[in-house]
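New to this one? Take a look at the sequence and the fold first, then use the briefing below to find your way around.

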Amino acid sequence: MPATRPRSRYALDRGLTTRMVTTMFLIGLLYVVFVGVLLALLRDSWTIVLLIAGGLFIAQFWFSDRIAAHAMGAREVTPEQAPELHGVVDRVCALADMPKPRVAIADSDIPNAFATGRSEKTALICASTGLLRRLEPAELEGVLAHELSHVAHRDVVVMTIASFLGVLSGVMIRVWLYSGLGRNSRDANTAIAVLVIPLVSAVVYVISFLLTRLLSRYRELSADRAAALLTGRPSALASALVKVSGEMARIPTRDLRKAEPFNAFWFAPAVPVKASLSRLLSSHPTLEQRLDQLGRISTELGR
């Protein structure tokens, strides 16, 4: 469960803490109900249910950050291999008074960055070659400060756990469809399970998806604000946002689609948020919302 106070100089965001706690409670309640329904309907296969649920939770919590980093092509680099990137990370960590994470580079022309890790000790921050090539030092500092705030606020691990239930419900549907559970059985409970399990799994998936998306959009605004206040240069972060969003339009659609499944990790979404429905389903707020907030912070700071 997230701590009530961050262990760094990043600005405390009580709204984010409240949303993380609320999301975790609702997801946990949904998880208990979901597993309870599965156990009630699959009494003869309860060991399979528990093994799948327990195994997936452990894998999601301990390995999801490594899997995501590997899937996005993150390659850990030393200060000798990437002195400029390490220098910026060192400055941000000094400002925030937090441990330095592992530093990585993704060989991709998509200008983006992300952070993963269950804690500050296991954290990894990664910037793409496309981002490093396009941003000025002050802009890069703003982006990395944004990503490190996710680690400081611990919303990375909350998002990892919160997304678990959606993964579990999807897997349960596949297991039920392809494992032969209940196939060719005339048992009444099995017949009910055949109808109910896919329906319950689908409902659980939709609810957990919407809850995590709602939290994800808020945490991006929170990270923008925390980074702007920490560095004292909201204009540099705004400039980076505009530049990254503009450059996305020049990236081949095929490459953007490959990156889209990892949108929740990225500094900016691979596919822009436009229509009202896509805003509801998006992992990020719109560019306009983010720039408006940074504009207000700039006014507050008198810059």
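## Starting from Glu220

Let's begin with Glu220, which sits in helix α8, running over residues 188–231. Its relative accessibility is just 1%, so Glu220 counts as buried. Keep in mind that what you're looking at is a predicted model.

**Around Glu220**

- Setting aside neighbours within four places in sequence, Glu220 is in contact with a whole list of residues: His146, His150, Ala264, Trp266, Phe267, Ser283, His284, Pro285 and Arg290.

**The chain as a whole**

- The protein chain has 12 helices and four strands.
- Of its 303 residues, 49% are buried.
- If you take the contacts with a separation of 6 or more, 71% of them join residues 24 or more positions apart.
- Leu26 and Leu211 show one such pairing of distant stretches: they're 185 residues apart along the chain, yet 8.5 Å separates their C-alpha atoms.
- Leu26 belongs to helix α1, residues 14–41. With 35% relative accessibility, Leu26 counts as partly exposed, because buried means under 20% and exposed means over 50%.

**The sheet**

- The four strands form an open sheet in the order β1-β2-β4-β3, and the pairing is mixed.
- At the edges you'll find β1 (74–76) and β3 (113–116), each pairing on one side only.
- Ignoring direction, neighbouring strands of this sheet are turned by 30° against each other on average.
- Helix α5 packs on the sheet, where it touches β3 and β4 (124–128), and its direction makes about 20° with that of β3.
- As for how strands join up, sheet strands in general pair through backbone hydrogen bonds, either parallel or antiparallel.
- β1 and β2 (residues 102–106) go the antiparallel way, over three bridges. Across from Arg75 stands Ile105 of β2.
- β3 and β4 are antiparallel too, over four bridges. Here Thr116 has Leu124 in β4 as its bridge partner.
- Which way do the residues of β3 point? Ala113 and Ala115 go one way, Phe114 and Thr116 go the other, and all of them are buried.

**How α5 meets α9**

- The axes of α5 (residues 137–152) and α9 (residues 234–248) come within 8 Å and cross at roughly 90°. That makes α5 roughly perpendicular to α9.
- On the α5 side, the contact is made by Ala138, Glu139, Gly142 and Val143. On the α9 side, the residues are Ala236, Leu237, Ser239, Ala240 and Lys243.
- Sort the residues of this contact by type and you get five nonpolar, two polar and two charged.

**Nonpolar cores**

- In soluble globular proteins, nonpolar side chains tend to be buried together.
- In this model, the largest nonpolar core has 54 residues, and the ones with the most contacts inside it are Tyr10, Leu85, Met98 and Leu131.
- α5 provides the largest share of this core, with seven residues.
- A second, separate core has eight residues, including Leu16, Met24, Val158 and Leu215.
- Back to Met98 of the main core: leaving out residues up to four places away in sequence, Met98 touches Ser8, Tyr10, Cys93, Glu120, Leu148, Val151 and Ala152.

**An enclosed helix**

- How many of the eight residues of α6 (residues 155–162) are buried? Eight of the eight are, so α6 is largely enclosed by the rest of the structure.
- The buried residues of α6 are Asp155, Val156, Val157, Val158, Met159, Thr160, Ile161 and Ala162.

**Two residues with positive phi**

- Most residues other than glycine have a negative phi. Two spots in this model are worth a look with that in mind.
- Asp97 isn't a glycine, but it has a positive phi of about 55°. You'll find Asp97 in the loop between α3 (83–96) and β2.
- Arg154, again a residue other than glycine, has a positive phi near 65°. Arg154 is in the loop between α5 and α6. Its relative accessibility is 26%, so Arg154 counts as partly exposed.

How values were computed: Residues are numbered from 1 along each chain as its sequence is written. This is a predicted model: local features need pLDDT of at least 70, side-chain atom pairs count only at pLDDT 80 or more; totals for chains, interfaces and linings use all residues. Side-chain values use heavy atoms; hydrogens and water are left out. Buried means under 20% relative accessible area, exposed over 50%, partly exposed in between (1.4 Å probe, protein chains only). Axes are lines fitted to C-alpha atoms, for helices over the stretch in contact, and angles run from 0 to 180 degrees between N-to-C directions. Angles under 35 degrees count as roughly parallel, over 145 as roughly antiparallel, 65 to 115 as roughly perpendicular and the rest as oblique. Contact means heavy atoms within 4.5 Å. Ala, Val, Leu, Ile, Met, Phe, Trp, Tyr, Cys and Pro count as nonpolar, Asp, Glu, Lys and Arg as charged, and the others, Gly among them, as polar. Two strands pair if DSSP finds at least two bridges between them. A nonpolar core is a set of buried Ala, Val, Leu, Ile, Met, Phe, Trp, Tyr and Cys residues joined through side-chain atoms within 4.5 Å.
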